[in-house]
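Reader: I am new to this structure and would like to understand the reasoning behind the words used for it. Could we go through them one by one?

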Amino acid sequence: MGQLGVEPAISAVRYLTEHLGDQPLFLKEVIELSDYAWGLLDKWQAANIAVKTDLVAIRFNAATAKGNLGDAQGAQETLIKLLPDQQNILGKDHLECLKTRQNIALFQGELGDINGAIESLRCLLQDQQRV
């Protein structure tokens with residue numbers, strides 16, 4: 001993806017999301033660019049929480065849209081990759097993290113692992129009740 005800096009990468013992700021994010025043709029690009037920008041944040045210590053929170057939300061929305069368009073495997077993989085970053089930024093009991101876990105379990109069931117999905121949802125319910 002060349003040598004795009006973090007600020008231009010984040011600007012590009014925001015532009016794609018605002019103008020093209022709801023179009024299936026550009027979901028792959030939104031996910032790739034947001035993942036690329038996230039990777040740059042590790043090297044850019046000055047990244048503020050708002051930027052990280054924006055990227056987490058963009059990645060969640062893109063992954064969910066991917067699943068809604070029929071790519072359950074790709075959506076689940078993206079959400080699994082997102083969850084640790086999301087938990088680091090928001091905290092493991094944050095509502096958005098719990099929604100991500102729910103979507104991972106739903107895609108797990110959609111992909112045929114019904115027992116695994118039930119167990120994931122059972123654990124999620126326990127955490128939701130605790131919170």
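Reader: What makes N115 and Q129 of α6 count as exposed?

Author: In this predicted model, a residue is called exposed when its relative accessible area is over 50%, and N115 and Q129, on the other side of α6 from its buried residues, fall in that class.

Reader: Which residues of α6 are called buried, then?

Author: The word applies under 20% relative accessible area, and in α6 it is given to G116, A117, L124 and D127.

Reader: How do you know that the buried residues line one face of the helix?

Author: Looking down the axis of α6, one finds its buried residues within an arc of 95°, so they line one face. What they pack against is α5, residues 95-110.

Reader: What makes the length of α6 close to the expected one?

Author: The expected span is 1.5 Å times one less than the number of residues, and for the 17 residues of α6, 114-130, this comes to 24 Å, while the helix reaches 24 Å from its first C-alpha to its last.

Reader: How do you know where the predictor is confident, and where is its confidence lowest?

Author: Confidence is scored from 0 to 100 as pLDDT; the mean is highest in α5, at 96, and lowest in helix α1, residues 6-20, at 69. The chain averages 82, and 78% of the residues score at least 70.

Reader: What is the secondary structure of the chain made of?

Author: It comes to six helices and zero strands, and buried residues make up 39% of the 131 residues in the chain.

Key:
Residues numbered from 1 in each chain as written. Predicted model: local features only at pLDDT ≥ 70, side-chain atom pairs only at ≥ 80, totals over all residues. Heavy atoms only, no water. Helix = DSSP H or I, 4+ residues; strand = E, 2+ residues; numbered from the N terminus. Buried < 20%, exposed > 50% of the residue type's maximum accessible area, 1.4 Å probe, protein only. Arc of directions from axis to C-beta. Contact = heavy atoms within 4.5 Å.
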